Amino acid sequence: MTSNFCRLGVAGLGTVGAGLLNFIAERPDFAPAGGRVVVTGVSARSRSRPRPVDISNLTWFDDPVALATSPETDVYVELIGGADGTAKASVEAALKAGKPVVTANKALIAEHGGDLARLAEANGVPLLFEAAVMGGVPAVKFMREAMVGDDVQSLAGILNGTCNYILSEMETTGRAFADVLADAQRLGYAEADPTMDVGGYDAAHKVTILAALAFGYAPNFSAAQVEGIDQLDLLDIKLAHDLGYRVKLIASAKLGADGVRVQVHPSLVPLDHPLAQAGGALNALFVESKRIGRIFLQGPGAGAGPTAAAVAADIADVMTGMVRPVFQKPAASLQQYGSVDPSDTLVRAYLRFMVKDEPGVIAAVSESLAEAGVSIESFLQKPAGQTDGVPIVMTTHSVAESVLAAAIDQIAGLATVLDRPRLLRIAQI
Ligand code: HSE
């Protein structure tokens, strides 16, 4: 489609939808080809809910599928969210009707991206989702367009602004997790269901999409190993800092001989690494490729302005006729990557044990690690506080996850160990 006049049907009028309508009202000529963009129809859960945008002149659709297939809709913009339900039904309907689709829906693309890419390419229309990953940071275009001349080997990023905000605030203010989460919700970073954020699933959706683009596969969300920040203790954030690390929710993907490994974990990042310095609600991405080497992107990953800018950039691509395969290769030939057995993964670990403050305890813990073949890299013990136990921390050299898990189980059974040992991974970046 190359067009001088583009009529949008926009479904979903939350933060991003309202931001997009306001942007288009202000800059209807934003597309580089010089054409005009107008919003003709809208759909959302409630028509009457107060919003920071006037929709009284737009045609209202109760059903997003009807909006997606309306003759007045040239491009369907899906901002409803969620992997299934009306978001999926309306995107499928638009593609089948030969309408280009622009979406910010990471769950939809991560969970059904391969099928939707096939549908889009069979119908000869673009399916674009820049706003699905890292909000205003052009990570999707970067992977899909800029990196075609290279081979990405690995990527690691901070892809969830809510978690980054929570971790940064916990570290700098010493406030509790729940308290800081309430702030993130108020500031509009968090998803409607914050377990998507703090459980690591939002970051997992995003890294699944980046992995598919980087390595030329269909996304496979079920292959991601996901751990969130909801079980993280403030104590570990403090102790990690004493050891020269900052705890970040790191989403990573690596191409190896055994396939694509996609992981999300709260991880220790050296304080001087650029990923450790992306504070607040910022998103950041660190990529290693064969020819270019190391690349770092950083910026706002959420919010009305940045995310609407990413949606608008996709609309501009539709208007200028830019159509590329959705995931680097023609969709009909796309394969889904398989899952890698996490027990073989080599990790460097931070282990924290809450132990009784009495003779021989450290020796017993180290002996169990030595017997399992886990080599200790550094050790930290803090004086006993007001609690019953005293924390001891060890960082390890590289070791298989399965070996580490067996050693932790054994140590958890020692009478002098008061609590389940805590394991955090040291990011390999
Ligand atoms: N809840 C997401 C975040 C918003 O916190 O990053 C953008 O996907």
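V417 sits in the loop between α13 (401-412) and β17 (422-426). In this predicted model, local features need pLDDT of at least 70, side-chain atom pairs count only at pLDDT 80 or more, and totals for chains, interfaces and linings use all residues. Residues are numbered from 1 along each chain as its sequence is written, and side-chain values use heavy atoms, with hydrogens and water left out. Helices (H or I, at least four residues) and strands (E, at least two) are DSSP runs, numbered from the N terminus.

**V417 and its loop**

V417 counts as buried, at 8% relative accessibility. Here buried means under 20% relative accessible area, exposed means over 50%, and partly exposed lies in between (1.4 Å probe, protein chains only). Contact means heavy atoms within 4.5 Å. Leaving aside neighbours within four places in sequence, V417 is in contact with M354, V355, V365 and I411. G244 is 173 residues from V417 in sequence, and their C-alpha atoms are 25 Å apart in space.

**The whole protein**

The protein has 13 helices and 17 strands. Its radius of gyration is 24 Å, close to the 22 Å that the globule rule gives for 429 residues, so the protein is as compact as a globular protein of that length. That radius is taken over C-alpha atoms, and the rule is 2.2 Å times the number of residues to the power 0.38. Along the principal axes, the C-alpha atoms fill a box of roughly 80 × 45 × 35 Å.

Of the 429 residues, 54% are buried. Among contacts with a separation of 6 or more, 74% come from residues 24 or more positions apart. The accessible surface comes to about 17,300 Å², and 51% of that belongs to carbon and sulfur atoms. Accessible areas come from the Shrake-Rupley method with a 1.4 Å probe; for residues, only the protein chains shown count as cover.

**Helices α6 and α10**

How do these two helices meet? Helix α6 (residues 161-173) packs against helix α10 (residues 234-242) at an angle of about 75°, with the axes 10 Å apart. The two are therefore roughly perpendicular to each other. Axes are lines fitted to C-alpha atoms, for helices over the stretch in contact, and angles run from 0 to 180 degrees between N-to-C directions. Angles under 35 degrees count as roughly parallel, over 145 as roughly antiparallel, 65 to 115 as roughly perpendicular and the rest as oblique.

From α6, the contact uses L167, M170 and E171; from α10, it uses L234, I237 and H241. By class, this contact has four nonpolar, one polar and one charged residues. Ala, Val, Leu, Ile, Met, Phe, Trp, Tyr, Cys and Pro count as nonpolar, Asp, Glu, Lys and Arg as charged, and the others, Gly among them, as polar.

Each helix also holds a buried residue with partners further along the chain. S168 lies in α6. It counts as buried, at 13% relative accessibility. Apart from neighbours within four places in sequence, S168 is in contact with K248, G279 and G280. The C-alpha atoms of S168 and V247 are separated by 8.7 Å, with their positions 79 residues apart along the chain. V247 comes up again with D236, which is found in α10. D236 is buried, with a relative accessible area of 2%. Not counting residues up to four places away in sequence, D236 touches V247, Y350, R352, R422 and L424.

**Two residues with positive phi**

Most residues other than glycine have a negative phi. Two residues in loops have positive values.

| Residue | Phi | Loop | Relative accessibility |
|---|---|---|---|
| M134 | about 65° | between β6 (127-128) and α5 (139-144) | 0%, buried |
| Q328 | near 75° | between α11 (304-319) and β13 (346-355) | 24%, partly exposed |

**F23 and P274**

F23 has its place in helix α1 (residues 15-26). At 23% relative accessibility, F23 is partly exposed. Leaving aside neighbours within four places in sequence, F23 is in contact with F30 and A312. F23 and A308 are 285 residues apart in sequence, yet 7.4 Å apart in space, C-alpha to C-alpha.

P274 lies in the loop between β10 (259-270) and β11 (282-289). At 30% relative accessibility, P274 is partly exposed. Not counting residues up to four places away, P274 touches F286, F296 and Q298. P274 and S48 are 226 residues apart in sequence and 45 Å apart in space, C-alpha to C-alpha.
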